[in-house]
Amino acid sequence: MIRLTVNQKTHKVDVDPDMPLLWVIRDIIGLTGTKYGCGVAQCGACVVHLNGEAVRSCVTKVSRAANQKIVTIEGLSLHNDHPLQQAWAEIDVPQCGYCQSGQLMSAAVLLKENPQPDDAAIDAAMSGNLCRCGTYPRIRKAIHRAAELQQEAGKKPF
Amino acid sequence: MTTITRRSFLKNAGGAGVALWLGLYVHGEVGKTTSPVTAAHFTPWILIESGGKITIYNTKPEIGQGTFQAIPALIAEELEVSLDQVTILNSNGEKELGTAQRAGGSASVRTSFSDLRKVGASAKEVLIQAAASTWGVDAATCYAENATVYHRASGKSIAYGDLVETAAKIELPKTPVLKDGKDFKIIGKSMRRPDVPLKTNGSAVFGIDVKVDGMRYASVERCPVIGGTLKQFDASAALKIKGVVTVVPVERVYGIHRNTGVAVIADNYWAALQGRKKLRVEWDTKGFEHFQSDEYEAGLRLMVSQEGLTDKNKGDIDALTIAPENLVEAFYETPMVAHHPMEPLNCIAQVKDDQVELWTSTQVPSNVTGSGPNDLHKLIGVAPENIKLHATFVGGGFGRRLYLDFIVEAVNIAKQVNYPVKVIWTREDTTEQGPFRPMTFSQLQGGFSAEGKLVTFRHKVISPSYAESVGRNFDPNKVDGTMVEGIAEQAYEIPNIRTAYVRAGYHVPVAAWRSVTSSTVAFAQECFLDELAWKAGMDPMSFRLSLLSAPSDTKRVLLTLKEVSGWDRPLPKGSGRGVATWEFFAGLCGQTVEVTHLSDGRIRIDKVVAVIDLGEVVNPDNVRNQTEGAIIMALGAAVKPDIRLKHGKVTHHNFYDNLLPRISETPLIDVHILAEGGKVKGVGEPGLPPFAPALANAIFAATGKRNRKMPFDLHV
Ligand code: FES
Ligand code: FES
């Protein structure tokens with residue numbers, strides 16, 4: 001039995017410790033927002049947060065994630081209101097949408113580490129995420145917009 | 001076609017009370033334009049429940065192109081409801097919704113633009129009449145807005161939901177009055193798409209995400225040598241993997257290509273993959289293991305000497321003698337590429353007695369459940385009425401999901417077990433197995449008169465045949481129209497044109513890839529036009545316009561492009577600008593590309609400007625999104641490694657060697673939309689063909705290097 005904390009919920013799973021976290025999340029736990037695109041760390045469709053870091057769950061053995069804090073796209077925000085999610089909707093980023101969970105999860109770590117990224121920083125942080133539909137120009141734009149939204153929210157008095 | 005009376009759709013919709021299906025279906029055959037209307041019957045596009053809930057069916061699978069909004073928008077506009085007031089459901093190939101439930105050919109909006117508005121308008125007229133008769137007033141004194149009918153004079157109103165029962169008894173008008181474009185509230189406005197929120201929180205369900213009770217997972221080992229098939233296999237080691245349940249042979253059928261692989265079925269997908277690695281399989285490679293792309297292509301080059309079949313013959317090209325110094329000739333080559341939708345191919349199939357149930361991401365629900373000669377039932381030997389489809393959001397299509405091979409394979413597995421099976425292709429499977437976009441080689445020749453006018457133009461395409469591969473409408477004595485797509489149909493006024501086709505046999509399955517053959521032949525033809533311009537000593541834009549004296553859509557696009565791209569603005573030394581345009585079945589787009597030749601030899605793409613001609617536009621922002629995406633996809637096909645075979649096997653495997661453009665390679669893209677009435681044109685594909693030639697032409701302008709072969713280097 002391996003204990004996993006996904007989006008603040010604890011799961012006990014009886015799987016091969018070598019099984020990639022991706023398939024545990026999708027097939028065993030049943031959260032399908034995290035996607036399979038390549039299985040070899042090339043496309044970023046499977047990005048989740050492991051203790052706040054962006055990791056490619058397709059090449060992360062489930063044993064490595066045991067007892068750690070995992071966040072998937074379903075846990076990025078409670079009400080689809082993360083600044084990135086708002087910006088994505090405002091700028092109408094997705095086309096087919098399949099890559100977008102991974103894009104958002106990578107972008108979330110970028111924004112946390114660099115609240116005001118320029119284009120070069122965005123390109124560097126997001127180059128691991130493929131989008132076959134070619135939504136890259138909008139991803140760039142929406143990350144800038146999310147940075148603004150994040151800053152505005154930060155300024156609000158509590 | 002069956003005629004279904006609307007009465008049969010008045011039914012009890014559970015707790016919602018009486019529900020009313022409204023809608024006029026006026027589509028003709030798939031792929032045909034719909035006027036004049038040939039068949040009309042009543043069918044359910046709109047469901048209004050007495051509680052007020054309004055559901056609109058989207059009959060064009062949402063593959064990323066925006067139909068989940070654009071299609072309901074056409075209906076909602078005329079029905080006088082806002083999109084926030086309706087529930088949108090993807091259709092599942094239901095017979096009543098007709099045979100045009102498919103996403104292909106950039107056809108969704110352009111073929112439905114007035115028909116689906118009629119669906120909404122006829123429903124609205126019935127609802128207005130129902131209200132008028134309730135009040136005992138003339139329908140002409142009432143109007144609809146916001147899902148409510150109002151009586152103009154008294155201000156009385158009734159919500160649509162409360163009109164359901166009365167409306168159900170009224171015949172739908174066959175020729176409803178459509179709104180004037182200036183009154184549109186939805187069409188023509190950039191609106192947020194309702195699927196976007198679902199695609200930002202993981203809740204959009206794609207085929208690969210579906211879970212069915214009792215379902216198991218399968219991965220299929222297919223012969224790595226394309227064309228090979230199964231001889232025998234030993235599954236004993238595979239069956240020892242924890243979670244592996246069984247291993248079965250399975251046939252996949254794609255057009256004329258039939259091959260058997262080995263399916264490993266397990267409790268979870270990971271176990272199936274592990275089991276697959278342990279299979280010991282002996283293949284019958286039938287001599288295809290000697291196949292080399294290099295040799296095949298050398299053969300294509302030699303075939304240029306064949307006359308081929310004449311496609312179009314305009315004027316009298318043989319009667320003209322062109323001085324040798326006035327002739328320009330060139331040979332262009334384009335490669336095979338893979339589709340690579342981000343969502344790998346997948347399908348859940350369940351077979352119970354003679355019933356088949358499917359859950360999958362497909363571009364063609366109508367061909368899954370239909371009774372046509374090329375539909376699924378023929379391939380699996382099951383009556384069409386016994387096939388039930390659950391269609392989902394589609395994680396990219398690009399043409400790959402127009403085909404049924406992966407569904408056939410899933411059904412063939414499910415036939416051998418008594419539980420539902422979800423088959424998922426690995427990325428390696430999609431890279432290595434095809435079908436691929438076919439390569440086209442082009443011989444071009446242009447001839448100038450003594451006065452310097454372009455008077456002759458020849459384009460001969462040498463390539464495998466799409467029709468032959470997919471086994472549809474193939475006749476070796478006829479030109480495969482798909483392979484010469486658009487080459488004789490450009491607006492340029494050249495008095496003598498001959499286009500021809502030389503077919504090369506090929507055992508590798510080929511397919512339509514976003515913008516089909518226009519994605520390759522346009523490269524050859526539009527680069528060659530650039531060569532002719534330089535030969536004529538003219539600026540490439542002026543040269544094109546000099547061939548367009550009469551008004552045409554292409555002329556309009558080029559004139560707009562000239563202006564919005566700042567074509568006449570001088571560029572610094574080392575920079576260059578290229579232009580290309582292409583009109584084909586899907587639509588029309590022109591583009592300019594600006595590049596800079598950097599001191600280290602690299603070519604930097606500074607800017608792409610696109611002008612897309614649509615006639616009518618539903619959601620401008622979505623059109624821009626589509627065109628940006630088409631350009632980026634075209635960039636990949638222009639400069640990234642192609643699909644090649646060595647010893648019969650594809651040499652690439654996954655995204656580490658079959659590269660796709662990444663965000664860091666994305667140029668600045670500026671999209672302009674022309675929607676000035678006239679023929680309604682498509683959105684999804686037209687942005688693709690002009691990009692590669694415009695880029696190559698820009699590189700020539702900047703460096704003097706002419707690229708006549710794709711993929712080419714962004715390094716000179
Ligand atoms: S699926 Fe993990 S990086 Fe592609
Ligand atoms: S939106 Fe389709 S792959 Fe990115």
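## Strands, interface and salt bridges in a predicted two-chain model

Visitor: In what sense do β6(B) and β7(B) pair, and over how many bridges?

Guide: In this predicted model, strand β6 (residues 142-145) and strand β7 (residues 148-151) of chain B are partners in a hairpin with two residues between them. Within the pair, B:A144 stands opposite B:V149. The pairing is antiparallel, over four bridges.

Visitor: Which side chains of β6(B) are buried?

Guide: The side chains alternate along β6(B). B:Y143 and B:E145 point to one face and are not buried. Those that point to the other face and are buried are B:C142 and B:A144.

Visitor: Which strands stand at the edges of the open five-stranded sheet of chain B?

Guide: The order of this sheet is β14-β22-β21-β20-β15, with mixed pairing. A strand at the edge has a single partner, so one side of it is left without a neighbour in the sheet. The strands in that position are β14 (309-314) and β15 (327-333).

Visitor: Which residue of β20(B) stands opposite B:V328?

Guide: Strand β15(B) runs antiparallel to β20 (residues 441-448) of chain B, and seven bridges join them. Opposite B:V328 in β20(B) stands B:G446.

Visitor: At about what angle does helix α12 of chain B run to β15(B)?

Guide: Helix α6 (residues 293-302) of chain B lies across β15, β20 and β21, at about 30 degrees to β20(B). Helix α12 (residues 518-535) of chain B also lies across β15, β20 and β21. Its angle to β15(B) is about 150 degrees.

Visitor: Is helix α1 of chain A largely enclosed or open?

Guide: Helix α1 (residues 21-29) of chain A has nine residues, and eight of them are buried. Among them are A:W23, A:R26 and A:D27. Because of this burial, the rest of the structure leaves α1(A) largely enclosed.

Visitor: Which residues touch the most other members of the largest nonpolar core?

Guide: This core has 188 residues. One of its members, A:I143, is in contact with residues including A:L84, A:W88 and A:M126, leaving aside neighbours within four places in sequence. The residues that touch the most other members are A:L4, A:I143, B:Y160 and B:L695.

Visitor: About what area is buried between chain A and chain B?

Guide: The contact involves 53 residues of chain A and 58 residues of chain B. Five salt bridges are counted between the chains, among them one from B:D621 to A:R138 with the closest N and O atoms 3.1 Å apart. Carbon and sulfur atoms give 54% of the buried area, which is about 4,600 Å².

Visitor: How many residues apart are B:D429 and B:R276?

Guide: B:R276 forms a salt bridge with B:E221 (2.7 Å, N to O), linking helix α5 (residues 269-277) to strand β9 (residues 216-221) of chain B. B:R276 also forms a salt bridge with B:D429, with the closest N and O atoms 2.7 Å apart. That pair links helix α10 (residues 427-433) of chain B to α5, and the separation of B:D429 and B:R276 is 153 residues.

Visitor: Is B:E221 buried or partly exposed?

Guide: Buried means under 20% relative accessible area. B:R276, at 13%, is therefore buried, and so is B:D429 at 3%. B:E221, at 23% relative accessibility, is partly exposed.

Note on methods
Residues numbered from 1 in each chain as written. Chains lettered and ligands numbered in written order. Predicted model: local features only at pLDDT ≥ 70, side-chain atom pairs only at ≥ 80, totals over all residues. Heavy atoms only, no water. Core = buried A, V, L, I, M, F, W, Y, C linked by side-chain atoms within 4.5 Å. Buried < 20%, exposed > 50% of the residue type's maximum accessible area, 1.4 Å probe, protein only. Contact = heavy atoms within 4.5 Å. Pairing = 2+ DSSP bridges. Axes fitted to C-alpha atoms, helices over the stretch in contact; angles between N-to-C directions. Buried area = accessible area lost by both parts, 1.4 Å probe. Salt bridge = Lys/Arg side-chain N within 4 Å of Asp/Glu carboxyl O.
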